[in-house]
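Student: Got a minute? I'd like to go through the sheets in this one with you.

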Amino acid sequence: MRVYPDAVNYAKVWSHKFIVRGITFQNTAGPQGEQALAVLSSSDQSAFYRCSFEGYQDTLLIMAYTQFYKECQIFGTVDFIFGGARAVFQDCDIFFRKPLPGGGLVVTAHGRKNDYEPTGYSLQGCKVTAAPELNPSEYAKAFLGRPWFGLSRTVYMESFLDGLVDPQGWLDSWGHKDTAYCGEYKNYGPGSSTNQRVNWPHYHAITDPKTVEFFTVAHFISGYNWLPETGVPFTPGFENRPVLLN
């Protein structure tokens, strides 16, 4: 099944415990549509399984609450996963699309303003690469994320990062580099080296599994408490994928 929103209209999800399987949400505005959502989800304990989210800028707005994305495809250019939710993306394919001339490439823009908010993004076992229409040699700089608010949290773990990812990894567009939390753990691929990553106070090239265990499905979104009833498969802890040395 396909859903075709445009720059003004997009799919909105508000209900509690929303489960979606095998649906493609494709925004038809194109790169010239600038900020054009495919989906806005503000559904607590929601699960998206084998869905595709296709847009350019701001493809997927995960606004609030606890959410889980499993084996999904997510396409975009700038901030195409954004919002203030607590979410885990597990085994998802994340594609950079060809932007307009002079346009940028950034996967995430998480928003968190207060310490008591238990929110953030965990991307585990994902694959971050160029979509077929994008020639990586034309766009040398693509970033894993940029903090939207001061206490944003984003972690990539056990994921493949291809060579399109800039050696610095992260971008500070709104002046939050001194307070935002960004982490990487056991990623692999040509863009995974942390040797030239940003020198921010709360950027972490994590080596201790006890530190990053907090961002697994079992802990970060309390997956054992609600995911089994959805029928969506999940890995509660580490995936233990083979890792290439940087």
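Tutor: Sure, let's talk through how the strands pair up, bearing in mind that this is a predicted model.

Student: What's the strand order in the open sheet of six strands?

Tutor: The order is 2-5-8-11-14-17, and the pairing is parallel.

Student: Which strands stand at the edges there?

Tutor: Strand 2 (11–13) and strand 17 (143–145). Each has a single partner strand, so one side of each has no neighbour in the sheet.

Student: And how much twist from one strand to the next?

Tutor: The average is 15°.

Student: Let's zoom in on strand 2. How many bridges does it make with strand 5?

Tutor: Three, with strand 2 and strand 5 (residues 39–41) paired in the parallel sense. Within that pair, Lys12 sits opposite Leu40 of strand 5.

Student: What holds strands of a sheet together, in general?

Tutor: Backbone hydrogen bonds, in either a parallel or an antiparallel arrangement.

Student: OK, switching to the open sheet of eight strands. What's the order?

Tutor: That sheet runs 3-6-9-12-15-18-20-21, with parallel pairing.

Student: Why is one side of strand 3 and of strand 21 left without a neighbour?

Tutor: Because strand 3 (19–21) and strand 21 (203–206) are at the edges, each with a single partner strand.

Student: How far are neighbouring strands turned against each other in this sheet?

Tutor: By 10° on average, ignoring direction.

Student: How many bridges join strand 9 to strand 12?

Tutor: Five: strand 9 (residues 66–70) and strand 12 (residues 86–90) run parallel.

Student: Which residue in strand 12 is the bridge partner of Thr66?

Tutor: Thr66 is bridged to Arg86.

Definitions and conventions:
Residues numbered from 1 in each chain as written. Predicted model: local features only at pLDDT ≥ 70, side-chain atom pairs only at ≥ 80, totals over all residues. Heavy atoms only, no water. Pairing = 2+ DSSP bridges. Helix = DSSP H or I, 4+ residues; strand = E, 2+ residues; numbered from the N terminus. Axes fitted to C-alpha atoms, helices over the stretch in contact; angles between N-to-C directions.
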